[in-house]
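Thank you all for making time this morning. I would like to walk through one structure with you slowly, so please keep it open in front of you as I talk.

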Amino acid sequence: MKLRATSIGFTAILMWSFLALFTAASGKMPPFQLSAICFAIGSIPGIAVLIFNPSRVALLRQPAKVWIIGIAGLFGYHFLYFTALRNAPAVEAGLIAYLWPLLIVVGSALLPGERLRWYHVAGALAGLCGTFLIVGRNGIDFDGAYAIGYGAAFLCAFTWSGYSLLTRRFDAVSTDVVTGFCLATSLLSFFCHLGLETTLWPETAFEWIAVAGLGLFPVGAAFYAWDYGVKNGDIQILGAASYAAPLLSTLILTIFGFAEPSWRIALACLLVTGGAVLAAQEMFRRKSVAKQVAAAE
């Protein structure tokens, strides 16, 4: 059960790795407008499930704190991320924001029934180093003039890691509520768009397809998979493995001609993959023991 849930959680990481490609192909739509549309699309699968199985609507009746945490996690993360990118260079802001997998691994020590081992932290740090090689390939230069943007990026990292860890504490809450989180995030993003941006629509059918792809996968199904994974799977392994997202994203961009291959990507592959395997060694050990027991029987 735990291995299956961890695998489902990892599919979210795979879907997030297509975020950059779909975003690059979606045209020049402002971020909050894009967020509003994508989260609206992302709620469609959940709505379809509720329509075909009306009895599940009762699962949406959850305490206010569940809704506050969910909406703050999805909308808060994106609001702070966009704020960071508007007020600081994308490279530095992105690197700071990507502290969240490490924060999940370290913060998991506070969860009931979880034990933080040295190899969990070492694996997450290896992934962070791999991410640094990718994100900072043209150099890192932190400037005090961008303090607001850096601050928003730090809050962004704490918001998503906090959401993921708190979600684990509500493991009895059905993943159906993610549908409501997506709808609320879409609505709040729409209001931010009206107040902060100028409306721009995709110019080609290809750009509309990219927007739809964003909504259905990285900004849609991924959040359902992540919710299920962190509630029922190994959150420490998922945290360390999350550094695969920027790596896979760069590899995908390279395959489709949006980026150039380099030694940095190769070294990042070793660091991220090695870090994920290191963090997951306990799961591999349990699986090996289970096989031996089954063979003995």
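Ile 37 sits in helix 3, and I should say at once that what you are looking at is a predicted model. Is Ile 37 buried or exposed? Its relative accessible area is 19%, and since the cut-off for buried is under 20%, Ile 37 is counted as buried. If we leave aside residues up to four places away in sequence, Ile 37 touches Met 29, Trp 201 and Val 211. Pro 54, on the other hand, is 17 residues from Ile 37 in sequence, and the two C-alpha atoms are 25 Å apart in space.

Let me stay with helix 3, which covers residues 31-42, and look at how it packs with helix 5, residues 64-87. The axes of these two helices are 11 Å apart, and the angle between them is about 155 degrees, which means that helix 3 runs roughly antiparallel to helix 5. Their crossing is right-handed. If you want to find the place where they meet, look on the helix 3 side for Pro 31, Phe 32, Ser 35 and Phe 39, and on the helix 5 side for Leu 74, His 78, Phe 79, Phe 82 and Arg 86.

Please keep Leu 74 in mind, as we now turn to the core. Which residues have the most contacts inside the largest nonpolar core? That core has 57 residues, and the ones with the most contacts inside it are Trp 16, Leu 74, Trp 100, Trp 160, Phe 223 and Trp 226. Helix 11 supplies the largest share of this core, with 9 residues. Apart from it there is another core, of 7 residues, and among them are Ala 84, Ile 96, Tyr 150 and Ala 152. As general background, nonpolar side chains in soluble globular proteins tend to be buried together.

From that list I would like to pick out Trp 160, which counts as buried because its relative accessibility is 3%. Again not counting residues up to four places away in sequence, Trp 160 touches Trp 16, Gly 73, Leu 74, Tyr 77, Trp 100, Phe 223 and Trp 226, so you can use Trp 160 as a landmark when you turn the model. One of those neighbours, Phe 223, is buried as well, at 5% relative accessibility.

Now to the aromatic rings, of which the structure holds 23 pairs. In the pair formed by Trp 160 and Phe 223, the ring centres are 5.7 Å apart and the planes stand at 70 degrees, so this pair is described as edge-to-face. The pair links distant parts of the chain, given that Trp 160 belongs to helix 9, residues 147-169, while Phe 223 belongs to helix 11, residues 205-232, and 63 residues separate them.

How do the axes of helix 9 and helix 11 cross? They come within 8 Å of each other and cross at roughly 55 degrees, and the two helices are therefore oblique to each other. Helix 9 passes helix 11 in a right-handed crossing. The contact involves Trp 160, Tyr 163, Ser 164, Thr 167 and Arg 168 from helix 9, together with Phe 223, Trp 226, Asp 227, Val 230 and Lys 231 from helix 11.

Helix 9 also packs with helix 7, residues 100-107, at an angle of about 40 degrees and with the axes 8 Å apart, which makes helix 7 oblique to helix 9. This crossing, too, is right-handed. Here Trp 100, Leu 103, Ile 104 and Gly 107 of helix 7 meet a group in helix 9 that includes Trp 160 and Ser 161. Ser 161 counts as buried, because its relative accessibility is 3%, and beyond its sequence neighbours up to four places away it touches Trp 100, Leu 103 and Ile 104.

Finally, let us look at two residues with higher accessibility values than the cut-off for buried, which is under 20%. Leu 270, in helix 14, residues 263-279, is exposed, with a relative accessible area of 63%. Leu 270 and Ala 126 are 144 residues apart in sequence, with 9.1 Å between their C-alpha atoms. Lys 2, in helix 1, residues 2-16, is partly exposed at 33%, and its C-alpha atom is 19 Å from that of Tyr 119, which is 117 residues away in sequence.

Technical notes:
Residues are numbered from 1 along each chain as its sequence is written. This is a predicted model: local features need pLDDT of at least 70, side-chain atom pairs count only at pLDDT 80 or more; totals for chains, interfaces and linings use all residues. Side-chain values use heavy atoms; hydrogens and water are left out. Rings of Phe, Tyr and Trp (its six-membered ring) pair if their centres lie within 6.5 Å; planes under 30 degrees apart count as stacked, over 60 as edge-to-face and the rest as tilted. Helices (H or I, at least four residues) and strands (E, at least two) are DSSP runs, numbered from the N terminus. Buried means under 20% relative accessible area, exposed over 50%, partly exposed in between (1.4 Å probe, protein chains only). A nonpolar core is a set of buried Ala, Val, Leu, Ile, Met, Phe, Trp, Tyr and Cys residues joined through side-chain atoms within 4.5 Å. Contact means heavy atoms within 4.5 Å. Axes are lines fitted to C-alpha atoms, for helices over the stretch in contact, and angles run from 0 to 180 degrees between N-to-C directions. Angles under 35 degrees count as roughly parallel, over 145 as roughly antiparallel, 65 to 115 as roughly perpendicular and the rest as oblique. A crossing is left-handed if the near helix is turned anticlockwise from the far one by less than a right angle, and right-handed if clockwise.
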